[in-house]
Each structure stands twice: as C-alpha cells, then as structure tokens.
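Thanks for taking a look at this one with me. Below are a few numbered points to help you find your way around.

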Amino acid sequence: MNVFLSAIQSVFKGSARYYAWVGFLAVLIVLGLSAYFQQLEKGLITTAMRDQVSWGFYIANFTFLVGVAAAAVLLVVPAYLYNFKPIKEIVLFGEMVAISAVTMCILFIMVDLGQPIRVWHTLPLIGKMNFPASVMAWDVIVLSGYLLINVLLVIYALYRLAVGKEYNLALILPLILLSIPWAISIHTVTAFLYNGLSSRPFWNASILAPRFLASAFCSGPAIMLIILQLIRKFSRIEMDQKAISKIAELIAYTMGINLFLLGAEIFKEFYSGSLHKAPLEYLYFGLHGNKQLVPWIWTSLALNITAFVIFLIPKTRENFLTLNIGALLIIAGVYIEKGLGLIVPGFVPDTLGEIYEYWPTRSEAVITLGIWATGALIYTLMVKFALPIYKGQAAEGNK
Amino acid sequence: MSKKVRSNPLGIRLDRRMFLKSAAAGVAASALPISPAEAFNWKAFLQKHFREMSDEEIKKVIDRLEKEASLEWKKDVHISSAKAMPNVKFGYGLDLSRCIGCRRCVYACVKENNQSRTPQVHWISVLRFKKGEKWIDLENSEKYYNPKQVPEKDFFYMPVQCQQCENPPCVKVCPTQATWKEPDGIVVVDYNWCIGCRYCMAACPYGARRFNWAKPKIPSTELNPDTHYLGNRPRYKGVVEKCTFCIQRTRAGKYPACVEACPVGARKFGNLLDPDSEIRQLIENKRVFRLKEDLNTEPKFYYFFTGWQVQ
C-alpha cells in the first residue's frame, strides 16, 4: 500500500519542467473550456459545420483517436501471447495511451452534441438505446467497454508490480484475450458507422473498415514510438531497443497495406468513373473549382509514402533520427487522411449535389486543442503515478 | 438550515433539498452558464420518451410545454398530440412539368411550420436544372438561383423535401430512437429526446433534415400557435427537425401548407390506402418516379409528369 501512497505523492512532485508542462496543458484546457461554454450558449453555430457538412473537425479527431486507441492491441499481442519480453515490459504504457485516447474520443463526441445533457438517452435501460439497429449504439457499447477493459488491465498490472509478483495469467488472460478482438471491434464499429450509410458513396465502400484498421495500425504505434522514447528520456527507465525496432517494423507492414488499400480505392473510383467518384475527386483534385482539401491530402500522401520508405529500409528504421522523423510523418499523414480527409468528403458534394467548403473555425480549433491537452494531461498524470511503482519493481528485480 | 427556494422564469420551484437530490443523480449542468431564459429545467431533463408515456403523461408534458411556449412567445400556443388515423398512409405527388420554381411552397412551409427566420431554416429545397442536358444531374443543379422572374425559359425545377421513406435510413441510425415512422407513414422527431448527434442527417439521402445550429428566432407575431407535438411546435437549439407533411394539418383533414400554396397545382397529396384518392389515381395513370430508387428507401413522395406546362 505504501507503494501507492508514494506513487500518489509523486504525482504532485516533479521537476520545474514537469510543472511547466502540466501548467501549459492546464492553460490550454481552460481556453478550451471557455470556448466550449461559448459554444454551449450560442449553439453549434460557432462551428463551421452547417446542414450540408454536418460533421467536421470534432468527428474527424474522434475518428483518428479511435484508431490510436485500437492500436494499443498491437503491443498486447506480442507482449502476452508470444511472451515477447521487451514489449511486455512496456505494454502498460500502451494501455494507458488507449485509456487517454478513448477518453478524448468521448469528449469529442460530447462537444459535438447539440444537446449534451441528454446524452443519457443513448444508454440502455434508463435511456432508449437504439440497439441493435443504430451503429452508434454499438459504438457507445464498444468504446465504453474498451475503456473499462484497459482501466482494469492497467490497475491489475500496477497492483502486480507493486506487490512484486508475476502476472497471474489464469486471472488476467481472459481479459487480455478479450481486449484483442475488442480493440479491433472499436475500430471496425466506428468504420461501420460511416460505412453503413448508402447516402454517402465516399463512405459506402467495403474497403473502408480494412483501411481504417490499416491506417490505425500505422498511426497508433507511431505515437507509441514517440511516447515510449519520451518516457525513456525523462524517467531514465530501461527500455529494450528491440521493442522499439519491433514496433517500427510493424509500422512498415501496416503502412504498406494502408497504401495498397488506398490505391485499390482510387483505381476503382477513377477507372469506373461513375458519379460516385465526385467526393474522391473533390478530395484529390477539387470539384468545380473548390479545392480546400487538395493540398492537404497530397501532403498526407507524400508524408505516408516517405515514412513507408523510411520504415521499410532496416538502416533508416534503426537510426534514431530517421526513425523519429518517420513516426512524426506518419502521425501527421494519417491525421490528415483519417481526420478531415475522411469526414468532409463524405459530405461534399452533399446528397443534393451542393458543395459547401468546410474549414474549422477558431472556436472549434481551441476546443479541439483543449481536448488534446486533457488527454495529454491524463496520460502525463497516469505515467507519473505509475513510474515509481514500475521502477520499484525493476530495482528489486536487479538485486 | 432555512429552506432556500430556487426559482426560474418558468415558475418551476425547486427547494434546496430537491435540488441536491437531483444533483446527486449525477448532473450538475445547472452550473453551466446558460442564459436565464434557458435556465435548467428538471422536468424537461427527466422527460420520458414520447412513445413510452401514457396519454396522461403526454397531457402533462404538453401542458408544461404549452405554458413554456406561451410565456416565451407571448401568445396562446396550442400543442396537439393527435394520433394517426386508422387506414391512412399519406403519400405525396409532385408534377415536375408544372413547377415554375417560385418557392412559394418554401415560404408557406416556413410560416406554417415555425422554422427559424434567423438563421434561416427551410424544409423544402427547390433545385433548378438546365433543360436539354443530363436528366436529374444533382451535382450541376442550382439551389440558390435568383432570377428576376420565374419560370426561366431554359430551366426546369424540382422541389425536394422529406420523402417520408417507408424504409427510412435516418430512423435506423438514430442512437436514441428520437425519430420514428408513425402508423400513417410520417417520419417524426421528438425535439425533447433528440441529442443532436446529426447521424440522421448523414444518413438521409435527400438532404431533408435540418439542424438548429443556433436558437431558432421567430418574431412573436409570426409564430403559428396551432401546433403538433411531433410537428411544428417551437424547436430548441441543438435538435434536428424536418418536414412532417404538416402533421398538425393533415391529421386534422387539411392539406399540407405547400400543397395549398402552390399557384400552379403541381403538388398533390392524399391517402395511399384509399384506391379512389387523387394520389392513387396519379400513381396508377401517370409515369411516376421516386428519387434515388436504387437506395431502396421506398419514398412515399412521387415525382411525375402531366405534360401540362406553364407558358
């Protein structure tokens, strides 16, 4: 128990840099909150969304983060199932990324709602959840379930570390096994949420769910790469280099698949050339002179291809500088592609052929930044809490 | 401790204990900085789903809503909850050869159904197409045409509104069952149950649903006080609304406002289950089509041609 007490204490103690970081996040959160109160008062008219493009930056960020959360499973599989020790030691930090990411997902949905206080209507029993007809009802279930699973896994892992015992697999293995299909399900269900709409040809393509998974398994691990190195740098805990290069290798494969699926989609739409290609045309070339997203999507493609090459070549994937550049390129590339690049073309042209060019307002941007800061703060505090427990065990192990 | 009484402009009194009890139920939303006119309303918050309320409960809710609306709009607002009539399924017909694109239907609808004037909300979109080119080429249609005079020689017009699908994708996707198809075939929204997620707007293939991005503003003098709970009663910000075939009129045996407003008789309306109705005559004897048939939504909104044209 003492371990937990000192862990809690450690959350409040830190270097000047730690306080500065937490303070910086707090400022962003306060700014975000004040913009959100404005939005609550005036309505979603403070955003750039309108009837033509009725989802925007919030839902874009939500979609990207579901991918990040799902990707934690990429660490779980080698860690527990193949007992790959280097990754097993760091899987805890992956599960904490999942917790932060799902929390941000929930916040992005909340700020997108016109009547957030009525959100209880979506719950079973007390509300009137439209299950199984509405994919959004499924999403409520899988996202909250995934959050719960990861919270339990993290608590259990920390408890084990604190008492200095190995995992009791009989107890925890079912939960770990469950977390694997569950992670895939949160992403699949979110893809189906768009995929199931026959009104939106851009989303109504069977390739959407596979593409979702492929790109998530690029961006999620890329974020893990950066975070793990930051933790290693600031906490001086040991982390096997093998774990890092294993993750980098995984990214090379998933990015290859992601690019292939994208190519398949582009071929189908442009070669068959039906009217359904309009959204893709809008995204890559512009439609009737409207080309807001064109420079962004080409940037995204260039970033993804460059990163793919970096991670494919063993020499550049093992070099720290190029490895980190590659990871950052992937995060930016997928953020564009899976964010606004996925949501907005679903609505352009709209179902009656109108083109409304959406670009987030400052208010939307500030609220979005506030939610990212909230996620970063949650992660920072969790890591700060976990590190002494983690290190304590590591020290005992060395004796 | 003295019994402090919290009151709000709607005259609903809440003592401190009741307040704490409700707050303990997990909601502290009253702390949110909303304007006094929208002060937190517990009865509204805890209101049940429309289809789960007994007639007695519906009456109570409507009493409260009428009181709120009458206070806000400074006139007696009546809210009906008239149910669907048996053996009725409403259908709509629109003669494309007659429509002159005057948009009188659009504004008659706004007036009848209490759509927001600022920002402007329209349930009907009239699209203008160039004659002699592709048939229904939505991508090249124009919604914001603004000529000195209609009809224009080189164009034809197609009004689009809710198609009241028999197989409505918007109803399927709603996470809270806040929108559903009534027995007479009208797709309705409960504005007190909608959470404003706008999934239905993404699902609708006809661009028929509208969101209240801001609090709807209507001059008090222009508010139509004869309303229906599932239709034209005043809406809130942050909820979705749509055409209901003027449920408040059609369930009382009248035509929808757009049908009455059309100066060229392009709009037809009737009971699809009545073999002698005008709409059945049209479907059986004219060449009709429905918009985006390939999506299998089964609209009850039929476009047709009589060949008769306004010169």
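1. A good place to begin is where the two chains meet: the contact takes 47 residues from chain B and 41 from chain A. Here two residues are in contact if their C-beta atoms, placed from the backbone, lie within 7 Å. Please keep in mind that this is a predicted model, in which local features need pLDDT of at least 70, side-chain atom pairs count only at pLDDT 80 or more, and totals for chains, interfaces and linings use all residues. Residues are numbered from 1 along each chain as its sequence is written, while chains are lettered from A and ligands numbered from 1 in the order in which they are written.

2. On the side of chain B that touches chain A, the elements giving two or more residues are β5 (125–130), α5 (169–173), α6 (199–203) and β9 (210–211) of chain B. Helices (H or I, at least four residues) and strands (E, at least two) are DSSP runs, numbered from the N terminus. With four residues, α6(B) provides the largest share of that side. By type, the residues of this side are 30 nonpolar, 10 polar and seven charged; Ala, Val, Leu, Ile, Met, Phe, Trp, Tyr, Cys and Pro count as nonpolar, Asp, Glu, Lys and Arg as charged, and the others, Gly among them, as polar.

3. Now follow β5(B) itself. Five of its six residues are buried, meaning that 20 or more other C-beta atoms lie within 10 Å of the residue's own. β5(B) pairs with β6(B), residues 155–160, in the antiparallel sense over six bridges; strands pair if DSSP finds at least two bridges between them. B:Lys130 has B:Phe155 as its bridge partner in β6(B).

4. Elsewhere in chain B, an open sheet of four strands runs in the order β12-β4-β14-β13, with mixed pairing. Its edge strands, β12 (267–271) and β13 (287–289) of chain B, each pair on one side only. Between β13(B) and β14(B), residues 301–305, the pairing is antiparallel over three bridges, and B:Phe289 stands opposite B:Tyr303 there.

5. Finally, the largest nonpolar core has 187 residues, with A:Ala69, A:Val97, A:Cys105 and A:Ile330 touching the most other members. Such a core is a set of buried Ala, Val, Leu, Ile, Met, Phe, Trp, Tyr and Cys residues joined through C-beta atoms within 7 Å. Helix α6 of chain A (residues 91–112) gives the largest share, 15 residues. Leaving aside neighbours within four places in sequence, the contacts of A:Ala69 include A:Ala98, A:Cys105 and A:Tyr146.

Key
A residue is buried if 20 or more other C-beta atoms lie within 10 Å of its own, exposed if 12 or fewer, and partly exposed in between; C-beta atoms are placed from the backbone.
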